[in-house]
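Work through these exercises with the model open beside you. Try each task before reading its solution.

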Amino acid sequence: MGKEGTRWPAVLAVVGAGVVAALQVGKLIIAAPLLRKDLGLDLASIGALAAVFSILGMFGGIAAGGVITRYGARRMLLAGLAATAAGAAIGAMAPAYGVLLASRVVEGLGFLMITVAGPAALQRMVSASTRDFAFALWSCYMPAGMAIAMLASQAFGDWRAYWWCAGAAVIVALACVALLAPATQAGPRLSWRGLRQDTVDTVGAAGPSLLALSFMLYSLMFFALFTFLPILLTEQLGLSLATAGLYSAIASAANVIGNLGAGVLLARGWRRSTLIACASVAMGLVALLIFRSVLPAMPTFLLCVVFSAVGGLIPATLLGTAPLLAPRAGLTAASVGLVMQGSNLGQVIGPLAVGGAIDRYGWTAASFIVAAAGLGGVALAWRLRRLKGNGL
């Protein structure tokens with residue numbers, strides 16, 4: 001299939017679905033002060049609302065891949081968007097914390113289906129010559145959605161209005177996917193025995209497991225910094241909360257540069273393992289300077305931008321590689337699901353480990369955790385390169 005075989009409007013519709021899904025993650029982080037004021041929530045309750053997405057992703061990635069293989073990527077992408085919109089609407093009308101938490105579970109299930117179905121849908125609508133760039137575009141969904149959420153929050157003084165607008169964005173994305181994305185065939189009948197065998201085959205394959213571990217370490221590093229970046233900028237470097245929020249949004253958006261850069265470099269023949277190793281080393285080294293607060297506010301912020309931009313090389317490379325290392329064609333979605341499970345595990349471990357280290361030993365301890373994860377990323381990249389027959 002030639003370059004003309006890539007359906008770019010459909011690709012952009014799928015990427016847009018990922019962005020509005022990530023918007024639902026970011027809206028909670030930035031609206032936390034409003035939620036605390038309106039519903040009287042403590043930090044533990046806010047943490048639970050934020051953790052729902054990661055917990056569902058930690059345990060449901062491969063299962064979601066099996067469901068997507070059975071019913072088709074497009075159909076499940078639409079179902080995920082519908083669930084996300086429904087969850088946003090329920091949350092906007094929530095009278096109390098319990099209903100809001102339930103709405104986050106519904107949104108989280110939709111987010112899981114979108115993030116696993118998206119790559120599976122892309123695989124069927126791109127040509128071989130453009131697939132790396134298309135997957136690089138897809139990998140921008142999280143930083144783009146998070147940055148939009150942080151910037152859009154400036155327009156809202158009421159979190160319920162924010163929820164309604166975020167849900168409306170999902171409806172627009174659903175309409176675009178329904179109109180532009182080509183239909184995908186359903187697979188064989190879903191059974192517990194088949195799902196169990198698919199799980200064993202996927203986890204047992206070296207490629208998807210190494211990619212999942214790599215994504216875990218990347219997410220650990222990225223969210224270890226960005227979860228605490230506003231606090232670092234305000235408490236350690238003396239910036240105002242509004243300025244810290246703007247700087248955090250800019251630094252998060254810089255991740256898009258690395259994601260797109262990975263697509264360009266891979267198209268020019270760079271080895272995937274080289275990109276992962278170089279980005280891991282850079283993130284680890286830069287973290288040593290950021291967390292130690294040895295520089296003034298502006299240079300530290302610029303280092304955060306570098307950390308984010310260079311780090312963006314990793315998710316684009318991993319997500320683009322996952323379909324190539326699937327044990328068999330029918331396990332593409334399951335392999336992506338396993339990789340996403342690694343990502344969500346890192347999102348949980350990173351903030352917990354770094355937060356505990358900061359509380360007990362100070363900010364310097366956080367730098368060692370991120371640097372160690374960077375070294376681990378290099379080791380996994382070396383192991384990926386040793387896989388035979390994949391040009392990694």
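**Exercise 1. In which helix does threonine 332 lie? Then classify its exposure and list its contacts.**

Threonine 332 lies in helix 16. Helices here are DSSP runs (H or I, at least four residues), numbered from the N terminus. The model is predicted: local features need pLDDT of at least 70, side-chain atom pairs count only at pLDDT 80 or more, and totals for chains, interfaces and linings use all residues. Residues are numbered from 1 along each chain as its sequence is written, and side-chain values use heavy atoms, with hydrogens and water left out.

Step 1: exposure. Threonine 332 has a relative accessible area of 13%, so it is buried. The cut-offs are under 20% for buried, over 50% for exposed and partly exposed in between (1.4 Å probe, protein chains only).

Step 2: contacts. Contact means heavy atoms within 4.5 Å. Not counting residues up to four places away in sequence, threonine 332 touches Pro323 and Ala326.

**Exercise 2. Describe the surroundings of serine 103 and glycine 110.**

Step 1: place them. Serine 103 is found in helix 4. Glycine 110 lies in helix 4 too, which spans residues 97–123.

Step 2: check burial. Serine 103 has 0% relative accessibility and therefore counts as buried. Glycine 110, at 1% relative accessibility, also counts as buried.

Step 3: list partners, leaving out residues up to four places away in sequence. Serine 103 touches Gly87, Ile90 and Gly91. Glycine 110 touches Gly80, Ala83 and Thr84.

Step 4: take a distance. Glycine 110 and glutamine 185 are 75 residues apart in sequence; C-alpha to C-alpha, they are 21 Å apart in space.

**Exercise 3. How many aromatic pairs does the structure hold? Classify two that share phenylalanine 222.**

Step 1: count. The structure holds 10 aromatic pairs. Rings of Phe, Tyr and Trp (its six-membered ring) pair if their centres lie within 6.5 Å; planes under 30 degrees apart count as stacked, over 60 as edge-to-face and the rest as tilted.

Step 2: phenylalanine 222 with phenylalanine 223. Their ring centres are 5.4 Å apart and their planes meet at 75°, so this pair is edge-to-face. Phenylalanine 222 is buried, with a relative accessible area of 7%. Phenylalanine 223 counts as buried at 13%.

Step 3: phenylalanine 222 with phenylalanine 226. This pair is stacked, at 4.4 Å centre to centre with 20° between the planes. Why are these two separated by about one helical turn? Because they are four residues apart in helix 9 (residues 206–226). Both phenylalanine 222 and phenylalanine 226 are buried.

Step 4: extend the network. Ring pairs join Phe215, Tyr218, Phe222, Phe223 and Phe226 into a cluster.

**Exercise 4. Which residues of the largest nonpolar core touch the most other members?**

Step 1: define the set. A nonpolar core is a set of buried Ala, Val, Leu, Ile, Met, Phe, Trp, Tyr and Cys residues joined through side-chain atoms within 4.5 Å.

Step 2: name the hubs. Ile68, Met125 and Phe307 touch the most other members of the largest core, which has 107 residues. Helix 9 gives the largest share of this core, 13 residues.

Step 3: look around methionine 125. Leaving aside neighbours within four places in sequence, its contacts include Gly5, Thr6, Arg7, Ala181 and Pro182.

Step 4: find the second core. It is separate, has 16 residues and includes Leu49, Ala92, Ala94 and Ala149.

**Exercise 5. Compare the linings of the largest pocket and the largest cavity.**

Step 1: set the terms. On a 1 Å grid over the protein atoms alone, a cavity is a set of points where a 1.4 Å probe fits but cannot get out; a pocket is an open set with protein on both sides within 12 Å along at least five of seven lines; lining residues have an atom within 4 Å of a point. Grid points are joined across faces, edges and corners, and a volume is the space filled by probe spheres set on the points.

Step 2: the pocket. The largest pocket holds about 1700 Å³ of space. Its lining has 49 residues, with Ile29, Ala32, Ile46, Thr227 and Ile231 nearest its centre. Helix 1 supplies the largest share of that lining, nine residues.

Step 3: the cavity. The largest cavity holds about 190 Å³. Of its 19 lining residues, Met142, Phe215, Tyr218, Phe223 and Ser343 are the closest to its centre. Helix 9 gives the largest share of this lining, five residues.
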